[in-house]
Amino acid sequence: MRNDVLLDIATFLSRRWSGNNSVTVVLVPDRQAAAKPDKNQISLPALQYYVGSDFQRYRQWRVALWYESMRMKHSSKVLSNEHAFGFLLNTLETKRVEILGLRDWEGMADELIFNEGISWMSRQLLNTIYGRYKIAEAFSQFFLTGYVKGELFGGEQEKVQKATEFANEVVKEAIENSHGTEWVEQHIPKLIKMLELDPLVSIPVLAPRTRMGASLTQSDVLKQIEKIVRTKKKEKDAEEKAKEIYEGSDVLQEFETLVKESKKTENKGYDSLENFGLSVPSRMDVDESRIYDLDLIQKVKAAFRDWKTGWIERHDETGEELDIETFTEALPKPFLADMKLSIKTKIVLLLDHSSSIADVELEYKQATVALCEALAYLGVKFAVYAFSTENRQVKCWVVKPPNVKWSTASARRLAQIKAVGGTPLAEVYGLLQPAIKSFRPDIFVTLTDGEPSDFDAVRAMVLSYRKTGIRMVAIGVGRHLNDAVGIGHNLKYLNYEKILAVSRLQDMPKKVIKLLRY
């Protein structure tokens, strides 16, 4: 499953579950899920972090996302799990946010049982760990599930049971009286004392697959789920209910849709973007709201609102209606003619994200978003790509594929792309050729503010595109009028069919849309 597809569904679900539309999600390899309420950010591992089949990994990943979304909604603080104090606070908060979360999302109950069953298989066996960490792990297991994996000796069992009773009372009171994280935190020192722990004792954080001593057998998972169902649900037909939870049919359709979406690319027949040199941002932690200039978007849409209706009235030499005022002034086109506007044109946008636009990067992206919003509003079929240089390698980024609707997910991809590197335009045109041949656009618009690295190579590539019937247009973006004129002059010698220049980025969307009328 592609990371960009995972991030799209994660962002959608986390915002829906938490009720916070500012939440961003980032994938962090080989690290457990974590929420940062102060930064409106959730970090998640990749699917490979978990054990089991691909579908089982997705279900565990999805449950982890739900828990962190509940922390975003109900917790004000999340500490590191690497020391005892933070580990115990987060453990209590896990149960508190779970209880509160299930009040709104009852449908997650079965998924939580599945997650408990499969994660129990990779829980550490208490017999294999020693010292203070053993007590912390034993408390976590007993408090969250009601049982432990392995054996406790001497007074360890009594110590864990008393601490668990105390922690349950804290969580119960917190929920009944609407207390938050800070109130729960005040009780952690007493809990530490009951468990006879050092608040700074190190707690190892291991990935589930690291903890697996033997291969995961599906029959063991099913048996563990059945055991949990008998204990928690107390249903008569626990075996049938356990099988239903194990199969996860409610989530299976969602998973299959995401897998299918992951296999979609700009060119049918390719399994992945990498097969033809295109990339999508792997991180999604930059908030896209900054690049939405709502005032500019409304102005651009308003300027082309009559296009939406499909008809416009113009002065002409013949027409359906005589304009008396124009006729009396002896103007050459005195008639009013109704004309239907055709916007069936398909368009590709290529955005220069070299280092030369770094100082106007925000305005550049705001203008691009306004343009895309207007194109989507008009129902135009379009695709958006961008290029930059990363680790001395040319990167051609997919912002919006042709077969996907424009949405905040596309804007979020654009927000992640940093302006860095040179202008290897010929190489980018070469990378894009398979996708462009598949889409077959009428117009290919390149927005740039610099000179390409190889003029001769760019000329040859532009000419090769034009021979396929694509109208090649370049828009030079300058910081002021003289700068724009100079850039436009340089672009003139690169075989483009049409050259435009803008010195105000706010004018760019209207100039591009006007290209559709020809």
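This passage describes the overall make-up of the protein, two buried residues and two charged surface patches. The model is predicted.

The protein has 518 residues, and buried residues make up 51% of them. Its secondary structure comprises 21 helices and 13 strands. Contacts reach far along the chain. Among those between residues at least 6 apart in sequence, 71% join residues at least 24 apart. The exposed area is about 24900 Å². Carbon and sulfur atoms supply 49% of that area.

Two residues in contact with each other, S388 and H353, illustrate the buried part of the protein. S388 lies in strand β9, which spans residues 381-390. Its relative accessible area is 3%, so S388 is buried. Buried means under 20% relative accessible area. The C-alpha atom of S388 is separated by 7.0 Å from that of D352, although the two residues are 36 places apart along the chain. Residues up to four places away in sequence aside, S388 touches H353, Q393, V394, K395, W397, I417, K418 and V420.

H353 is placed in a loop rather than a strand. That loop runs between β8 (346-352) and α16 (361-378). H353 counts as buried because its relative accessibility is 0%. With neighbours within four places in sequence left aside, its contacts include Y364 and K365. A386, F387 and S388 are also among the residues that H353 contacts. Further partners of H353 are L414, I417, K418, A419 and V420. I417, K418 and V420 thus appear in the contact lists of both S388 and H353.

The surface carries charged patches of both signs. A negative patch is formed by E165, E169, E173 and E176. One of these, E173, lies in helix α6, which covers residues 156-176. The relative accessibility of E173 is 39%, so this residue counts as partly exposed.

A positive patch gathers K498, K510, K511 and K514. Helix α21, residues 508-514, gives the most to this patch, with 3 residues. K511 is placed in helix α21. K511 is partly exposed because its relative accessible area is 32%. Partly exposed residues fall between the 20% limit for buried and the 50% limit for exposed.

In summary, S388 and H353 are buried and touch each other. E173 and K511, by contrast, are partly exposed. E173 belongs to the negative patch, and K511 to the positive one.

Methods: Residues numbered from 1 in each chain as written. Predicted model: local features only at pLDDT ≥ 70, side-chain atom pairs only at ≥ 80, totals over all residues. Heavy atoms only, no water. Patch = residues over 30% accessible without salt bridge, like charges linked within 9 Å, V, L, I, M, F, W, Y side chains within 5 Å. Areas by Shrake-Rupley, 256 points an atom, 1.4 Å probe, with all protein chains shown as cover. Salt bridge = Lys/Arg side-chain N within 4 Å of Asp/Glu carboxyl O. Lys, Arg positive; Asp, Glu negative; His and termini not counted. Charge placed at Lys NZ, Arg CZ, Asp CG, Glu CD. Helix = DSSP H or I, 4+ residues; strand = E, 2+ residues; numbered from the N terminus. Buried < 20%, exposed > 50% of the residue type's maximum accessible area, 1.4 Å probe, protein only. Contact = heavy atoms within 4.5 Å.
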